[in-house]
Amino acid sequence: MSWLRRLLQPFTKPTEIKGHSRSKLSLQAMPTVKFDPSTVSKSVKADLRRNIELLDDIEKKHVKQIYELALRSKVGRDLHLFCTGLMNMNIEGMTAGRAAELGRSLSNKAKAIIDRERQASLGITHAIWMYANAPCMKDPRHPVAADVQRDSTHRSANGNRYEISKGLFVDGKWIWPGVEEGCKCCSRPVLPGLEE
């Protein structure tokens, strides 16, 4: 049967497995990753505070509250806690979408520093930039010129080796994967003695 004919056939309801109910699934059986608060060093906290202070749409009187909320939410890894707390602050103009965007952004920036520090503590000095094959844009549905430029340069950075302490020189500045707004890139550490 051709793929087109299979595509046009009416869908049938999948058969249910007897004795199985979604309501019986236990969340306790779900694997989780434990957060180690010792990874939040002074440099991570300083960068987090600086990134919050740089937000144009946040009044200065809210910076301390948002900073403390980000730390309580495991530096933004608990996105639900962060967004709920941010919405409860009654910041003028704060929407659920903007709260989620802030949580992801702050979390990604903190995670990039935590990863660099962890790699340095293991003696890893270099990494390979990995483009995520997802647009490095704030809103891929409505990209602006800066988003298109960022995505293009991050795509071209794919596979480039860089020094972890410096970053990769892209578009006239030193950057790390996952740090710029909307960046979904990551890195692959180059292990000493196992270099390509």
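# A walk through the model, starting at F82

Select F82 first: beyond its neighbours within four places in sequence, F82 is in contact with I66, L69, A70, S73, A99, L102, G103 and L106. Bear in mind as you click around that this is a predicted model.

**The core around F82**

Keep F82 shown and add I52, I66 and L86. These four have the most contacts inside the largest nonpolar core, which has 19 residues. Now colour the helices that feed this core: α2 (42-53), α3 (63-72), α4 (79-88) and α5 (96-121) each supply at least two of its residues. Which helix gives the most? That would be α3, with 5 residues. Elsewhere, apart from this core, there is another one of 14 residues; select I124, A127, I164 and V170, which are among them.

**Zooming out for a moment**

Switch to a cartoon view of the whole chain. You should be able to count 6 helices and 5 strands. Tracing from the N terminus, the elements come in the order α-α-α-α-α-β-α-β-β-β-β. The protein has 196 residues, and 34% of them count as buried. If you like contact maps, take the contacts between residues at least 6 apart in sequence: 60% of those join residues at least 24 apart.

**α3 against α4**

Back to the helices. Two packed helices are described by the angle between their axes and the distance between the axes. Show α3 and α4 alone: their axes cross at roughly 155° and come within 9 Å. How are the two oriented? An angle over 145° counts as roughly antiparallel, so α3 and α4 are roughly antiparallel to each other. Their crossing is right-handed. For the side of the contact that belongs to α3, pick I66, L69, A70 and R72; for the α4 side, pick L81, F82, G85 and L86. So there is F82 again, in the α4 part of this contact.

Next, follow the chain from α3 into α4 and stop at S73, which sits in the loop between them. Is S73 buried or exposed? Its relative accessibility is 0%, so S73 counts as buried. Draw its surroundings and, leaving out residues up to four places away in sequence, you'll find that S73 touches D78, L81 and F82.

**α2 against α3**

Hide α4 and bring in α2. Here the packing angle is about 135°, and the axes of α2 and α3 are 10 Å apart. That angle makes α2 and α3 oblique to each other. α2 passes α3 in a right-handed crossing. To see who meets whom, select K45, L48, R49, I52 and E53 in α2, then V63, K64, I66, Y67, A70 and L71 in α3.

**Along α5**

Now select α5 by itself. It has 26 residues and spans 37 Å from its first C-alpha to its last, close to the 38 Å expected at 1.5 Å a residue. Step past the end of the helix to G123, which follows α5 and has a positive phi, near 85°.

Go back into α5 and pick K109, which is found in this helix. Is this lysine buried or exposed? K109 counts as buried, at 13% relative accessibility. Show what surrounds it: not counting residues up to four places away in sequence, K109 touches D47, N51, G178, V179 and E181. Then add C183 and put a distance label between the C-alpha atoms: K109 and C183 are 74 residues apart along the chain, yet those atoms are separated by 10.0 Å.

**Towards the C terminus**

Select E180, in the loop between β4 (173-175) and β5. At 18% relative accessibility, E180 is under the 20% cut-off and so counts as buried. Which residues is E180 in contact with? Leaving aside its neighbours within four places in sequence, they are R150, H154, K173 and I175.

Last stop: L191, in the segment after β5 (186-190). With a relative accessible area of 40%, L191 is partly exposed. Add H126 and label the C-alpha to C-alpha distance: L191 and H126 are 7.9 Å apart in space, with their positions 65 residues apart in sequence.

Conventions
Residues numbered from 1 in each chain as written. Predicted model: local features only at pLDDT ≥ 70, side-chain atom pairs only at ≥ 80, totals over all residues. Heavy atoms only, no water. Core = buried A, V, L, I, M, F, W, Y, C linked by side-chain atoms within 4.5 Å. Buried < 20%, exposed > 50% of the residue type's maximum accessible area, 1.4 Å probe, protein only. Helix = DSSP H or I, 4+ residues; strand = E, 2+ residues; numbered from the N terminus. Contact = heavy atoms within 4.5 Å. Expected span 1.5 Å × (residues − 1). Axes fitted to C-alpha atoms, helices over the stretch in contact; angles between N-to-C directions. Parallel < 35°, antiparallel > 145°, perpendicular 65-115°, else oblique. Left-handed = near helix turned anticlockwise from the far one by under 90°.
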